[in-house]
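Work through the following exercises with the sequence and the model open. Each task is followed by a solution in steps.

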Amino acid sequence: MDPVIPRELYHRPSPGQPPGVLRRSAWRLALPAGIALVITFPVAVWWCVGDLSTVPLSADPDYAIRPLAISPTVERLAGTGSAGIAAVALIVLVLLTARRRLAGPWWQVLAPLLGAGLLAGAGWRAMTAGVIGADIGAGLLVITGCPAITGLLLWSAERAVSVSRRPRQ
């Protein structure tokens, strides 16, 4: 059984093609590219931001959340790999949009997800920064970042439902 495919991915039939035929190649490219972009973007942001610790490990820093024990090599591979995958996925989605195979309103779903990913990737670095005393960045993130991420996720979900229910143009 085929998955439910949004109406925006239908296309105008070319000459000799029956109306209502779905261009599945766009859906088969857009969905994996969108998922890959949403998953890899926060990791790429996390890697680009880098360690925000203000004191060396020898000073016995305090943490809001202790960072994961990851070697610099694994960190570099995860960061460069996710940045590369995110870039390729973004290029695929932009090309599909430019060729009118992906409807523009789907960017109203992706943009808030990328904003939430930006906050999550940078926020994780702030939460795991080694400091002396209180970590002000972690406190600000809990107070403002978590509600912002929640709002962006809800906005994206609402837009996804709205765009998928739109009548075909």
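**Exercise 1. Sort the lining of the second largest pocket by residue class, then give the pocket's volume and the residues closest to its centre.**

Step 1. The lining comprises 10 nonpolar, two polar and three charged residues. Here Ala, Val, Leu, Ile, Met, Phe, Trp, Tyr, Cys and Pro count as nonpolar, Asp, Glu, Lys and Arg as charged, and the others, Gly among them, as polar.

Step 2. The second largest pocket has a volume of about 350 Å³. D51, P67, L68, E75 and R125 are the closest to its centre among the 15 lining residues. A pocket is an open set of points on a 1 Å grid over the protein atoms alone, where a 1.4 Å probe fits, with protein on both sides within 12 Å along at least five of seven lines; lining residues have an atom within 4 Å of a point. Grid points are joined across faces, edges and corners, and the volume is the space filled by probe spheres set on the points.

Step 3. The model is predicted: local features need pLDDT of at least 70 and side-chain atom pairs pLDDT 80 or more, while totals for chains, interfaces and linings use all residues. Residues are numbered from 1 along each chain as its sequence is written, and side-chain values use heavy atoms, with hydrogens and water left out.

**Exercise 2. Find the salt bridges in the whole structure and state how accessible each partner is.**

Step 1. The search finds two salt bridges (a side-chain nitrogen of Lys or Arg within 4 Å of a carboxyl oxygen of Asp or Glu).

Step 2. One joins the side chains of E75 and R125, at 2.8 Å from N to O. E75 belongs to helix α2 and R125 to helix α3 (residues 107-127), so this pair ties together parts 50 residues apart in sequence. Helices are DSSP runs (H or I, at least four residues), strands likewise (E, at least two), numbered from the N terminus.

Step 3. E75 is partly exposed at 22% relative accessibility, whereas R125 is buried at 7%. Buried means under 20% relative accessible area, exposed over 50%, and partly exposed in between (1.4 Å probe, protein chains only).

Step 4. The other bridge links R159 and E158, at 3.9 Å from N to O. R159 is buried, with a relative accessible area of 14%; E158 is partly exposed, at 42%.

**Exercise 3. Locate L68 and describe the nonpolar surface patch that includes this residue.**

Step 1. L68 sits in the loop between α1 (24-49) and α2 (72-98). Its relative accessibility is 61%, so L68 counts as exposed.

Step 2. Together with I65, I70, V74 and W124, L68 makes a nonpolar surface patch of about 430 Å². Patch members have over 30% relative accessible area and no salt bridge; like charges are joined within 9 Å, and nonpolar side chains (Val, Leu, Ile, Met, Phe, Trp, Tyr) within 5 Å. Areas come from the Shrake-Rupley method with a 1.4 Å probe, and for residues only the protein chains shown count as cover.

**Exercise 4. Which residues that are not glycine have a positive phi, and where do they lie?**

Step 1. D60 has a phi of about 55° and lies in the loop between α1 and α2. D60 is exposed, at 61% relative accessible area.

Step 2. R100 has a phi of about 60° and lies in the loop between α2 and α3. R100 is also exposed, at 78%.
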